[in-house]
Amino acid sequence: NTTMSGVEGTGLGMALVKELLDFVRVEETGYLITRQNVDLIDRTAFICFNFSDTAKSRNEPYDVLLLCGDIYDRAIPPAEASQLFSSFLTILNQKHPDMPVLIISGNHDSAMRLSFAAELLQNQNIFIVTGTNSLASPICIKNTQFFMLPFLNAGAISQPSKDENAANSSAESQTEEPVTSQSAMVKIAVERIKNARDSSKCSVVMAHLFAAGSITSDSERTIWGTAEQVDSHLFDDFTYTALGHLHRYQKTGKAFYSGSPLVYSFDECKYDKCFLRIEFDDANPAEAKPQISQIFVKPLRKAVRLNGKFSDFYSSGKYDEFCDCYCEINIDDEEIVENPMMLLKNKFKYLLFFKQDKAYAGVAGSQIENRKLGAQENIFDQFKMFLAEISENPDENEIQLFSECQEQVEKERNEAN
């Protein structure tokens, strides 16, 4: 039997565990999280190192771990993210020295940076692929071939030129032209993989792409139009396909996304995050049927969407159980609440978003304009409130400087009129 686990990176370094559990399977992503400066590194570390313990505690060891891209959530990751990823691989290798770890780059990763020391790491059973040179060179584990297809930037794959003169020339002089369509590049890559496949062995593909018809989340960047989405049925002939890129666990065709190990936007909080454990009998490749089971992730801190009256949050204990969660609060009061974030932050210290759509919907357009004008006229007071919100001891020099700047702007405005 072959047993795998997979996760999608989505910043594995920043969300290291997204594709981790496709064991034979492996997210800026943390776009919401990083924008809000929350403790993404701490939350990711909690997930990563709990995962390494989970893998060790299983009665039957895993044969391989797949990380399907978006190891980081940006091309130049923070130093802490790189250190976390390095620590994760080190501890994983110490606890499971005989378990290969297969890693591909995603659209958020810098292929050149991620592949640093890749040749050296192979000696430690860690295989990193960020280009197309290895498409036809699978990693063989037991009776299974693992093909690694990283995210393909435009031009990553070329094909013979369609120019008539080039078609009539010799093979040595025939030119090639780069392919720019995501779907076309993946189709060519899959054909190369199929040509290199050994029919006497099981075949697993790990890829980072947007499968057509898949469900997206708010935290994912829109990088392709519909024409650039990939038909998941291209992978139907393989024993199993582990996909990275989308943050929600889902099946598309015969392929699976493990999803991100952490919640990166509030539309994801109603879905349980998981790793995937994949098992199949590789003794008979023609009959091998993967058994997929979810290993649910317990986060360091939950993310929740809450609805109710402002008083329910401010003066009652109705939602006290969520005080230590990342919160998006939407009130249905008819009157607009001024400075709600400042009023609720002491109680809900991880409050990230506050909405009062019902109140704003009930305010006439002219009233909204009047409120905006009032805010402009009282900009000095607004500035002092802002300083008070971000600092317990506002700097009087800053207040004085702002006052002088405001006076200068008003003076120039009056002179211009």
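Begin by selecting F235, which counts as buried because its relative accessibility is 2%, and the cut-off for buried is under 20%. Keep in mind throughout the tour that what you have open is a predicted model. F235 sits in the loop between β10 and β11. With F235 still selected, show its surroundings: apart from neighbours within four places in sequence, F235 is in contact with L149, V186, V190, V205, A207, L209 and T241. Now add V204 to the selection, and you will find that V204 and F235 are 31 residues apart in sequence, while their C-alpha atoms are 9.4 Å apart in space.

Next, widen the view to the sheet that contains β10 and β11, an open sheet of six strands in the order β6-β7-β10-β11-β13-β12, with mixed pairing. Colour β6 (139–141) and β12 (250–252) to mark the edge strands, each of which pairs on one side only. From one strand to the next, the twist of this sheet averages 25°. Then select helix α8 (residues 182–196), which packs on the sheet and touches β7 (144–149) and β10 (202–208), its direction making about 160° with that of β7.

Stay with this sheet and pick out strand β11 (residues 240–244) together with strand β13 (residues 255–257), which run parallel and are joined by three bridges. To see one of these pairings residue by residue, select T241, whose bridge partner in β13 is A255. In general, the strands of a sheet pair through backbone hydrogen bonds, either parallel or antiparallel.

For an antiparallel example, move on to β14 and strand β15 (residues 291–296), which are joined by six bridges. Here you can select F275 and find its bridge partner in β15, which is I295. Six of the seven residues of strand β14 (residues 274–280) are buried, so this strand is largely enclosed by the rest of the structure.

Now turn to the sheet of three strands, an open one with parallel pairing and the order β16-β17-β18. Its edges are β16 (303–308) and β18 (351–355), and because each has a single partner strand, one side of each is left without a neighbour in the sheet. Neighbouring strands here are turned by 15° against each other on average, direction ignored. Select strand β17 (residues 326–331) with β18, and you have a parallel pair held over four bridges, in which N330 has K355 of β18 as its bridge partner.

The next stop is a helix, α4 (residues 79–95). At 1.5 Å a residue, its 17 residues should span 24 Å, and the C-alpha atoms at its ends are 24 Å apart, so the two values agree. Select A81, L84, F85, F88, L89, L92 and N93, which are buried. If you look down the axis of α4, these buried residues fall within an arc of 160°, and therefore they line one face of the helix. Then select Q83 and Q94, which are exposed on the other side of α4.

Finally, clear every selection and look at the whole chain, whose secondary structure comes to 14 helices and 18 strands. Of its 417 residues, 47% count as buried. Show the surface to end the tour: the chain exposes about 20,800 Å², and carbon and sulfur atoms supply 47% of that area.

Notes:
Residues numbered from 1 in each chain as written. Predicted model: local features only at pLDDT ≥ 70, side-chain atom pairs only at ≥ 80, totals over all residues. Heavy atoms only, no water. Pairing = 2+ DSSP bridges. Helix = DSSP H or I, 4+ residues; strand = E, 2+ residues; numbered from the N terminus. Axes fitted to C-alpha atoms, helices over the stretch in contact; angles between N-to-C directions. Contact = heavy atoms within 4.5 Å. Buried < 20%, exposed > 50% of the residue type's maximum accessible area, 1.4 Å probe, protein only. Areas by Shrake-Rupley, 256 points an atom, 1.4 Å probe, with all protein chains shown as cover. Expected span 1.5 Å × (residues − 1). Arc of directions from axis to C-beta.
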